[in-house]
Number of protein chains: 2
Amino acid sequence: MQDQQIYDSNAAAKKAVKEALFVVKIGGNIIDNAEKLENFLQQFSTIKGKKILVHGGGKLATQLAKDLGIEQEMVEGRRITDAATLKIVTMVYAGYINKNIVAQLQANGNNAIGFTGADANLIKAHKRLASASKGIDYGFVGDVDEVNTAAIKPLLEQDITIVVAPITHDGNGQLLNTNADTIAQSIATAMGNQYHVSLLYCFEKSGVLLDANDDESVIPTIDQAYFKKLKEEQLIFAGMIPKLENAFTALEKGVEKVIIGKAESILDLVQAKAGTTIQNN
Amino acid sequence: MQDQQIYDSNAAAKKAVKEALFVVKIGGNIIDNAEKLENFLQQFSTIKGKKILVHGGGKLATQLAKDLGIEQEMVEGRRITDAATLKIVTMVYAGYINKNIVAQLQANGNNAIGFTGADANLIKAHKRLASASKGIDYGFVGDVDEVNTAAIKPLLEQDITIVVAPITHDGNGQLLNTNADTIAQSIATAMGNQYHVSLLYCFEKSGVLLDANDDESVIPTIDQAYFKKLKEEQLIFAGMIPKLENAFTALEKGVEKVIIGKAESILDLVQAKAGTTIQNN
């Protein structure tokens, strides 16, 4: 109840100008666990105002491919999407996961609607050329060209939550498999001129850690100057650097805050009371 | 071009009062055939104005179940939907078929958005009780309680086509498998007080036939009096009677016309130049 009051007064204060919009990305560690997902969606439903939820679902897709005897090829952690795999990810992401999330949000009194990039032409993408990816042919993988904010603005204005599956289209009838982190970032930056956008990446750690083995060592805030220092003094582990660079790119493109943390702490994350907040200042 | 002009002038004439809305249901014979589906969607895209497309997809679901080694039980032509089957139909209907139709409509310049009953709470249903179906437990099968027209009205007003997969929800987080014919009828009747609704059922025959073996023997129009005569004189084959009774029920509930015919003739069907038109008068 206390949390709700805080959001309500925030919303009222901001109504005169731009409203807050949370773009939240959840990944496999939550989606693959029915109990964790249910708990997350329950908490997420209590957040008032404008929300976009972007989900992945790779492990369930891998399992279905396995059950069907379709071999999955991964190159540098990315799935090669042949025609059979595209069908699988479309079924799993846009069908099974997306609709179950929407139904659960409805059960929690949170009106929601599922989207792919094809729906109302929300996200147009182009098939990644092998020449653009070190000669690797990723198959039906899409790189985002354009987010059509008009497709979702009227729904957000009615406080309907947009639930986005990581499938895009090329405008010529071809569906494409697109990285969910990229989709969240693309939507967040596109909405930046209309809302005060916070982009929340939920992952398995509590935030950006000073000590990768100590989940208590979360760095609360990182700005450009501190990021420079962290890199120079090699205080954060290398794998986190591209994530942070992406976060700063989002900030440059109009997102106000990027917050990285655990899905379990979503109610604290939206208030920047948990996780790591990355911001320019 | 000639067809387009006809629709444009119709739309203009009706603008002052209620506008026309076509609710079109397509079934397996079109969906299972990529070439036929592409051809249908191309024609469908040229129809101007408000459109809702409801699709089934049973054969593709049956095939996926077979590939996964999940046994499908049918009772009186209806699928028993256990949990594994519900997952399959959700993946196939709401994921694969729905998103491919939406992407193809976009490619044809027809802005479209995919829905299930869970999305924006479009269709609420309840799980069919065994006591309500001759003691047969159909599993996760939903009988429609309510169509929430507000969920799609603003989109229709922007001439965005609504593409509906036959999955509903119970409001408590449970998705349900619902007959696509029933969904088309429920949506059509619910929209009746806001639009001039024509409900088009596309099936494998050219319409209601006087001679079941002669596809040329289509009855152009059936009203209540003629239906009575057809029944009394046993001029139509028994299997068609429940379909026609459903059509008259839709008419009683506010639908203006029900048209039954071939998907291949969709441009003639919308003008009642092909198929059988069932109407009260």
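Here is a chat between a trainee and a mentor about how two chains meet and how their sheets are built.

Trainee: Before we start, what kind of model is this?

Mentor: Residues are numbered from 1 along each chain as its sequence is written, while chains are lettered from A and ligands numbered from 1 in the order in which they are written. Side-chain values use heavy atoms, leaving out hydrogens and water, local features need pLDDT of at least 70, side-chain atom pairs count only at pLDDT 80 or more, totals for chains, interfaces and linings use all residues, and the model is a predicted one.

Trainee: What kind of axis relates chain A to chain B?

Mentor: Superposing chain A on chain B takes a rotation of 180° with 0.0 Å of shift along its axis, and the RMSD is 0.0 Å. The fit is by least squares on the C-alpha atoms of residues with pLDDT of at least 70 in both copies. That is the relation of a two-fold axis.

Trainee: And which residue of chain A has its C-alpha nearest the axis?

Mentor: Look along chain A for the C-alpha that is 1.8 Å from the axis. That one belongs to Gly95(A).

Trainee: How many residues of chain B does chain A contact?

Mentor: Contact here means heavy atoms within 4.5 Å. 100% of the interface residues of chain A are also interface residues in chain B, so the copies meet through the same surface. On the chain A side there are 32 residues, and they touch a chain B set of 32 residues.

Trainee: Which residues of chain A lose the most area to chain B?

Mentor: Buried area is the accessible area (1.4 Å probe) that two parts lose on being put together, summed over both. The two chains bury about 2,700 Å² between them, with 70% of it on carbon and sulfur atoms. Together accounting for 20% of what the chain A side buries, the residues you want are Met91(A), Tyr96(A) and Lys99(A).

Trainee: Which residue of chain B does Lys99(A) form a salt bridge with?

Mentor: We call it a salt bridge when a side-chain nitrogen of Lys or Arg is within 4 Å of a carboxyl oxygen of Asp or Glu. There are 2 salt bridges between chain A and chain B. In the one from Lys99(A), the closest N and O atoms are 3.0 Å apart, and the partner is Asp119(B).

Trainee: Where in chain B is Lys99(B), the partner of Asp119(A)?

Mentor: Asp119(A) and Lys99(B) form a salt bridge, with closest N and O atoms 3.0 Å apart. The pair crosses between chains, starting from Asp119(A) in the loop between β5 and β6 (123–127) of chain A and ending at Lys99(B) in helix α5 (residues 83–107) of chain B.

Trainee: Which strands are at the edges of the chain A sheet?

Mentor: Strands are DSSP runs (E, at least two residues) and helices likewise (H or I, at least four), numbered from the N terminus. Two strands pair if DSSP finds at least two bridges between them. In chain A, 8 strands make an open sheet with mixed pairing, in the order β5-β8-β2-β1-β11-β13-β14-β12. Pairing on one side only, the edge strands are β5 and β12 (221–222).

Trainee: Which residue is the bridge partner of Gly114(A) in β8(A)?

Mentor: β5(A) runs parallel to β8(A) (residues 161–164), and 4 bridges join them. For Gly114(A), the partner in β8(A) is Val163(A).

Trainee: In chain B, which residue of β14(B) stands opposite Ile222(B)?

Mentor: β12(B) pairs with β14(B) (residues 276–278) in the parallel sense, over 2 bridges. Opposite Ile222(B) stands Ile278(B).
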